[in-house]
Amino acid sequence: MSFQDIFKSDFYNNITSFSLLDTMIALVLALVIGLFIFVIYRKNFQGVMYSETFGISLVAMCMITTFIILAVTSNVVLSLGMVGALSIVRFRTAIKEPMDICYIFWAIGVGIVIGAGMIPLAVIGSILIGIILLVLVNRKHNDNPYILVVTCANDTAEQRMYEKMGQYVKKHIVKSKTVSKMGIELTVEIRLKDMTTEFINQLVNLEGVEQAVLVSYNGEYMS
């Protein structure tokens, strides 16, 4: 028997040796856990713009990874070809939210584990990860940072602004300062003492302060 005969025999015999019932169970379970990941993602989302298509892609990612792993584990020759085929795939979509990477790896990991037949690990691991994300992401912060953008007419107005701001702010860091003939524009990261924003109205009423803008800051709008 030649090497070609051995290759054909092994390839065609193993490529059809899969259980339809096991495949359906794995895909249905991947769908259920993928929907669970989607719900956790939607509940924990705190970014600028929510993307429904990204959440749906997490579900699809679980199922797609599952049947790829099922195919890979059923045949050695097919697994080598699959590695070569997937190595040329390039994803160029920018990840805007750092947490999105976590959900992508979670969805892919679940698909790999289910495709490998370790169903209890996929279920228990997903439940624990979901609980941890719910607790950590949704915990309340009592020291939320803000970005304060103030436009002053001159140095004297800037000094008045700092004095008034010091009464309501426990910590501040100057992020940028732009000086022009039109005036001075300051961008300051601040942390409030009592989490009230009423002092912005008082800043605007100061002589020489032309404009004051307060923006909620989570580290993703500017560096």
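Q: What is the bridge partner of C152 in β3?
A: In this predicted model, C152 is matched with I184 of β3. C152 closes strand β1, which covers residues 145–152, while I184 belongs to β3, residues 183–192.

Q: What makes β1 and β3 a pair?
A: Two bridges are enough to call two strands paired, and β1 and β3 share eight of them, in the antiparallel sense. The match of C152 with I184 has company in V150, whose partner in β3 is L186. The general background is friendly to this picture: strands of a sheet pair through backbone hydrogen bonds, either parallel or antiparallel.

Q: How do you know that β2 and β3 are joined as well?
A: Here the count is ten bridges, set against a requirement of at least two, therefore β2 and β3 qualify as a pair, and they run antiparallel. Examples include T178, which is bridged to E185 of β3, and V169, which is bridged to L192 of β3. The connection between β2 and β3 is a hairpin with two residues between the strands.

Q: In which order do the four strands stand in the open sheet?
A: The order is β2-β3-β1-β4, with antiparallel pairing. On average, neighbouring strands are turned by 20 degrees against each other, leaving direction out of account.

Q: Why is one side of β2 and of β4 left without a neighbour in the sheet?
A: β2 (169–180) and β4 (209–216) each have a single partner strand, so both stand at the edges of the sheet with one side unpaired.

Q: What makes β3 largely enclosed by the rest of the structure?
A: Eight of its ten residues are buried, so β3 is largely surrounded by the rest of the structure. For the protein chain as a whole, 31% of the 223 residues count as buried.

Q: Why is E189 called buried?
A: E189 has a relative accessible area of 11%, and buried means under 20%, so the label fits. This residue lies in strand β3. Its C-alpha atom is 6.6 Å from that of K175, although E189 and K175 are 14 residues apart in sequence.

Q: Why is T197 called partly exposed?
A: The relative accessible area of T197 is 38%. Buried would need a value under 20% and exposed a value over 50%, so 38% falls in between. T197 sits in the loop between β3 and α8 (199–204).

Q: Which residues does T197 touch, not counting those up to four places away in sequence?
A: They are L192 and L214. T197 and L214 are 17 residues apart along the chain, with 8.2 Å between their C-alpha atoms; the touch itself rests on heavy atoms within 4.5 Å.

Q: Why are α2 and α5 called roughly antiparallel?
A: The axes of α2 (residues 20–44) and α5 (residues 98–115) come within 10 Å and cross at roughly 165 degrees. Angles over 145 degrees count as roughly antiparallel, so this pair earns the term. The crossing is right-handed. Among the residues in this contact are L29, I33 and F36 of α2, together with Y103, W106 and V110 of α5.

Q: How do the residues of the contact of α2 with α5 divide into nonpolar, polar and charged?
A: There are 13 nonpolar residues, one polar and one charged. In the contact list, N44 of α2 falls in the polar class and D100 of α5 in the charged class.

Q: What makes α5 and α6 roughly antiparallel to each other?
A: The axes of α5 and α6 (residues 119–137) also come within 10 Å and cross at roughly 165 degrees. That angle is over 145 degrees, therefore α5 and α6 are roughly antiparallel. The crossing of α5 and α6 is left-handed. On the α5 side the contact includes M99, C102 and W106, and on the α6 side it includes L121, I129 and L133. By class, the contact has twelve nonpolar residues, two polar and no charged.

Q: How many helices and strands are there in the protein chain?
A: The protein chain has eight helices and four strands. From the N terminus on, they follow the pattern α-α-α-α-α-α-β-α-β-β-α-β. Of the contacts between residues at least 6 apart in sequence, 73% join residues at least 24 apart.

Conventions. Residues are numbered from 1 along each chain as its sequence is written. This is a predicted model: local features need pLDDT of at least 70, side-chain atom pairs count only at pLDDT 80 or more; totals for chains, interfaces and linings use all residues. Side-chain values use heavy atoms; hydrogens and water are left out. Axes are lines fitted to C-alpha atoms, for helices over the stretch in contact, and angles run from 0 to 180 degrees between N-to-C directions. Angles under 35 degrees count as roughly parallel, over 145 as roughly antiparallel, 65 to 115 as roughly perpendicular and the rest as oblique. A crossing is left-handed if the near helix is turned anticlockwise from the far one by less than a right angle, and right-handed if clockwise. Buried means under 20% relative accessible area, exposed over 50%, partly exposed in between (1.4 Å probe, protein chains only).
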